[in-house]
Amino acid sequence: ENIELEGVTVEGGYADGTYTNDSYTESESSGAGMYLNDSNALLREVTFRDNYSIKYGGGLRSRISYVEIFGCHFLNNRADDEGGGINFSNHTMWIENSRFEDNSSALAGGGGRGYTSTPTTIRNTSFLDNASEVEGGGFYVASAANLEHVIVIGNSAPTGAGLSIISSAATLTNCTVVGNEGFGISTRNSPTLKNTVVALNE
């Protein structure tokens, strides 16, 4: 399935799901703003705002897909599991010139939580004032990733308030991780930092 969206606002979505056999049906409980499955998607200047999911990805949930995001804004989305703004387990994910702000999650990844089979790329993007009740207030990176010119400020979580990075194959280049509440970066391994500022995190 090929999907292309440009210049629209997706708001007020509510995915509370169907609960059967001790679990929720994912497609009905995740991605309140948008749910992608086995898709090729291009999103340009799309705003995801005020969406709520009881499971994954308040704004956007994407799985086994190829997704490119340019100039998008994820604002005040909520997930009661992982990935308040966005949650993806994709083949590829490219995010550029975008903004994640005031999103929240009960588990990992207030701004977002991501895993890809190829390295995730995030460029010229800001994670501001997002919150997780567990870890990865700004963003939770569960696989190889390249972050370039990324700003991570004012996020909160008990650990990894700015970023939680699980993979050792993660590189931060010209990034700023400043003023987050609950350690700036938490890691399971040792990511590579190049010309990156990590300071004034509590």
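Reader: Leaving aside its neighbours within four places in sequence, which residues is Leu172 in contact with?

Author: In this predicted model, Leu172 has its place in strand β26, which covers residues 170-173. Once the neighbours within four places in sequence are set aside, the residues in contact with Leu172 are Leu147, Leu163, Ile165, Ile185, Thr192, Leu193, Lys194 and Thr196.

Reader: Is Leu172 buried or exposed?

Author: The cut-off to keep in mind is that a residue counts as buried when its relative accessible area is under 20%. The relative accessible area of Leu172 is 1%, and therefore Leu172 is buried.

Reader: What separates the C-alpha atoms of Leu172 and His73?

Author: Along the chain, Leu172 and His73 are 99 residues apart. In space, the separation between the C-alpha atoms of Leu172 and His73 is 21 Å.

Reader: How many helices and strands does the secondary structure of the chain come to, and how does its radius of gyration stand against the globule rule?

Author: The secondary structure of the chain comes to 1 helix and 30 strands. For 202 residues the globule rule gives 17 Å, and the radius of gyration of the chain is close to that, so the chain is as compact as a globular protein of that length, with a value of 15 Å.

Reader: What does the C-alpha trace of the chain span along its principal axes, and what percentage of the residues count as buried?

Author: Along the principal axes, the span of the C-alpha trace is about 45 × 30 × 25 Å. Among the 202 residues of the chain, the share that counts as buried is 51%.

Reader: Of the contacts in the chain with a separation of 6 or more, what percentage comes from residues 24 or more positions apart?

Author: The contacts in question are those whose partners have a separation of 6 or more. Within that set, residues 24 or more positions apart account for 72%.

Reader: What area does the chain expose, and how far apart are the mean positions of its positive and negative charges?

Author: The exposed area of the chain is about 8,400 Å², of which carbon and sulfur atoms supply 44%. The chain carries 11 positive and 24 negative charges, and the distance between the mean positions of these two sets is 6 Å.

Reader: Why does strand β1 lie largely in the open, and which residue in β7 is the bridge partner of Glu4?

Author: Strand β1 covers residues 2-6, and because the number buried among its 5 residues is 0, strand β1 lies largely in the open. It pairs in the parallel sense with strand β7, residues 40-44, over 5 bridges. In β7, the bridge partner of Glu4 is Leu42.

Reader: Which residue in β23 is the bridge partner of Arg123?

Author: Strand β15 (residues 92-96) and strand β19 (residues 120-123) run parallel and are joined by 3 bridges, and in β19 the partner of Glu96 is Arg123. Strand β19 also pairs in the parallel sense with strand β23 (residues 145-148), over 4 bridges. On that side, the bridge partner of Arg123 in β23 is Glu148.

Reader: What is phi of His149, and where does this residue have its place?

Author: Most residues other than glycine have a negative phi. His149 has its place in the loop between β23 and β24, and with a relative accessibility of 44% the residue counts as partly exposed. Phi of His149 is a positive value in a residue other than glycine, near 55°.

Reader: What is phi of Asn174?

Author: Asn174 lies in the loop between β26 and β27, and at 27% relative accessibility this residue counts as partly exposed. Phi of Asn174 is a positive value in a residue other than glycine, near 55°.

Reader: Not counting residues up to four places away in sequence, which residues does Gly13 touch?

Author: Gly13 lies in the loop between β2 and β3, where its relative accessibility of 15% makes it count as buried. The C-alpha atoms of Gly13 and Tyr52 are separated by 6.1 Å, although these residues are 39 residues apart along the chain. Not counting residues up to four places away in sequence, Gly13 touches Ala32, Asp50, Asn51 and Tyr52.

Reader: Is Gly160 buried or exposed?

Author: Gly160 has its place in the loop between β24 and β25. Leaving out residues up to four places away in sequence, Gly160 touches several others, including Glu135, Phe183 and Ile185. With a relative accessible area of 0%, Gly160 is buried.

How values were computed: Residues numbered from 1 in each chain as written. Predicted model: local features only at pLDDT ≥ 70, side-chain atom pairs only at ≥ 80, totals over all residues. Heavy atoms only, no water. Helix = DSSP H or I, 4+ residues; strand = E, 2+ residues; numbered from the N terminus. Buried < 20%, exposed > 50% of the residue type's maximum accessible area, 1.4 Å probe, protein only. Contact = heavy atoms within 4.5 Å. Rg over C-alpha atoms; globule rule 2.2 N^0.38 Å. Areas by Shrake-Rupley, 256 points an atom, 1.4 Å probe, with all protein chains shown as cover. Lys, Arg positive; Asp, Glu negative; His and termini not counted. Charge placed at Lys NZ, Arg CZ, Asp CG, Glu CD. Pairing = 2+ DSSP bridges.
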